[in-house]
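Thanks for asking me to look over this model. Here are my notes, point by point, to read alongside the coordinates.

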Amino acid sequence: MTIDSPASLGAALRGRIALPGDEDYDKARTGWNLTVEHHPEVIVLAEDTADVVEAVRYASRADLPIAVQSTGHGISVPADGAVYINTSRLAGVTVDSDARTARIEAGLRWGQVIEAAIGHGLAPLCGSSTYIGVMGYLTGGGLPVLARTYGFAANTVRSLDVVTADGELRTTSPEREPDLFWAVRGGKSNFGVVVAAEIDLLNLPRIYGGSLFFDGKHAERVLRTYIDWTSTLPDEMTSSIIFIRYPDIPMMPAEIRGRFFTTVRIAYAGDPAEGERLVAPLRALGPELDEVADMSYADIEEIYHDPFRPTPANNRSALLTDLGDTAVEELIGLLGPDNDVPFGGVELRHLGGALARPLTRDAAVGRQDAAFHMFASLPARMNATHYRERVLRTLSELVRVLEPWDTGRMLPGFMFNDDTTSEAVRRGYADADYQRLVDVKTTYDPRNLFRVNHNIPPR
């Protein structure tokens, strides 16, 4: 059988292709996280759903792996020799204010969805960064800023348009191909290219939120108080604490440049006066900077201040049980003010609430019984070998000291390029859910074309 050439694929597209050596090849293959470099056989710069269909059909005929990228935050393994579908130009968004829903396309970032919804007094259930792509976030399950109140963002998805490995466009929902609908919301990019979604919106134009910055020398006292404080909270309060060391570089604000902080992040979906009362025990510790206030949902990015410039970020994560005195001692011993750890942050996010209840629209991300989520992100300079080794040693030591409190599970949306082994991928799911994912994979992608990811192989 004669296989089409990339040129013939390009002729069939509204968009275009980029091949090795082309002027825009390097830009098109590079995402936000620079720790993995891709060398695909062909990059498809899709203009619409029809282009995605053509690209998948071409990959199927050529028996080539398929990789998908919008922003490149959830990078995993190199897409070498793959058909690399860049969906960043699929950027349509339509809000139905009466139904409180939005139809969103795969190339959008959450900031664009917020902008479209906020004019209607509505908001999407987004994560900590408005620069993150919508589909990678939703297919990973989506851990929102208001997670304890509303649960996983996958629960807000009403339907998904998915191009599966046979090149067919399928609209999935709880009523239409429900197994595929279940699997994609948490199963990441294993089952096809999600080109559009219909999601619920929140009637939540404002929240009470922000950050309390404490000088790093107070890390132990703040951590102990924070852990005790979380045991008293209603589901309307979601929070996290981060040990963060800022680099000494000119672009940093003077008040934080080159310094180590212990910062508590607050997101309260309730009356601001009640939020003030709940936060009072933390304010009593005397934060150096206090940015917690009533705020527009449009400014939700300001709670976390996540970086938006591309960077080689080395990440690790874990789901943890309740933390006590010994855990505090171990964490401070590794990350406290007396330790010159690399710049970046280690966050503990308080879970529970809606996350521990069954989803109204069952999804592969499942419910979670853990008390805290640990997420570490330590940027490493690409050409500084010794510094990168120091980063990796710190991350390995962090995982080691937290092992007594590690539940053995992970959130699918927080599995990165260190978590692509079959053992690590299985940690993202309950045993029965993983077997169900394998069944769905076998049905929709028996040749495992969608394998440039945290792969769930077919039988």
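**Notes on the model**

1. At 1% relative accessibility, Asp-445 counts as buried, because the cut-off for that label is under 20%. The model is a predicted one, so please read every value here as computed from it. Asp-445 sits in the segment that follows helix H14 (431-444). Leaving out neighbours within four places in sequence, Asp-445 is in contact with Ala-165, Asn-190, Phe-450 and Pro-458.

2. You may want to look next at the largest nonpolar core, which has 54 residues. Ile-104, Trp-110, Leu-138, Ile-199 and Tyr-297 are the members that touch the most other members. Among the elements giving two or more residues to this core are strand E6 (101-105), helix H4 (110-118), helix H5 (134-139), strand E9 (193-200) and H14. Apart from this core lies another, of 48 residues, including Leu-278, Val-279, Val-292 and Met-374.

3. Ile-104 is a good residue to click on. Not counting residues up to four places away in sequence, Ile-104 touches Gly-92, Val-93, Trp-110, Val-113, Val-134, Met-135, Leu-138, Val-195, Ala-196, Ala-197 and Ile-199.

4. What is the strand order of the open sheet of five strands? The order is E5-E6-E9-E7-E8, and the pairing is antiparallel. Strand E5 (93-96) and strand E8 (169-172) form the edges, each pairing on one side only. With direction ignored, neighbouring strands of this sheet are turned by 10° against each other on average.

5. At one end of that order, E7 and E8 pair in the antiparallel sense over four bridges, and Leu-160 stands opposite Thr-172 in E8. Helix H7 lies across E7, E8 and E9 and runs at about 90° to E7. H7 (178-187) and E7 (157-163) are also among the elements that give two or more residues to the largest core.

6. Now to strand E17 (residues 372-379), where His-373 lies. Is His-373 buried or exposed? His-373 is buried, since its relative accessible area is 0%. Its contacts, apart from residues up to four places away in sequence, are Leu-143, Ser-317, Ala-318, Leu-319, Glu-347, Leu-348, Arg-349, Leu-351, Leu-411 and Phe-414. E17 as a whole is mostly covered, with seven of its eight residues buried.

7. E17 pairs with strand E15 (residues 313-320) in the antiparallel sense over eight bridges, and Ala-318 stands opposite Met-374 in E17. E17 is also joined to strand E16 (residues 344-350) by six bridges, again running antiparallel. Here the bridge partner of Gly-345 is Ser-377 of E17.

8. In the loop between E16 and E17 you will find Ala-370. Ala-370 is buried, with a relative accessible area of 9%. Its C-alpha atom is separated by 5.4 Å from that of Thr-321, although the two residues are 49 residues apart along the chain. Leaving aside neighbours within four places in sequence, Ala-370 is in contact with Leu-319, Leu-320, Leu-351, Gly-352 and Thr-407.

9. Finally, a helix pair. Helix H11 (residues 325-335) and helix H12 (residues 385-401) pack at an angle of about 170°, with axes 10 Å apart. The two helices are therefore roughly antiparallel to each other. H11 contributes Glu-330, Leu-331, Leu-334 and Leu-335 to the contact, and H12 contributes Thr-394, Glu-397, Leu-398 and Val-401. These contact residues divide into five nonpolar, one polar and two charged.

Key: Residues are numbered from 1 along each chain as its sequence is written. This is a predicted model: local features need pLDDT of at least 70, side-chain atom pairs count only at pLDDT 80 or more; totals for chains, interfaces and linings use all residues. Side-chain values use heavy atoms; hydrogens and water are left out. Axes are lines fitted to C-alpha atoms, for helices over the stretch in contact, and angles run from 0 to 180 degrees between N-to-C directions. Angles under 35 degrees count as roughly parallel, over 145 as roughly antiparallel, 65 to 115 as roughly perpendicular and the rest as oblique. Contact means heavy atoms within 4.5 Å. Ala, Val, Leu, Ile, Met, Phe, Trp, Tyr, Cys and Pro count as nonpolar, Asp, Glu, Lys and Arg as charged, and the others, Gly among them, as polar. Buried means under 20% relative accessible area, exposed over 50%, partly exposed in between (1.4 Å probe, protein chains only). Two strands pair if DSSP finds at least two bridges between them. A nonpolar core is a set of buried Ala, Val, Leu, Ile, Met, Phe, Trp, Tyr and Cys residues joined through side-chain atoms within 4.5 Å.
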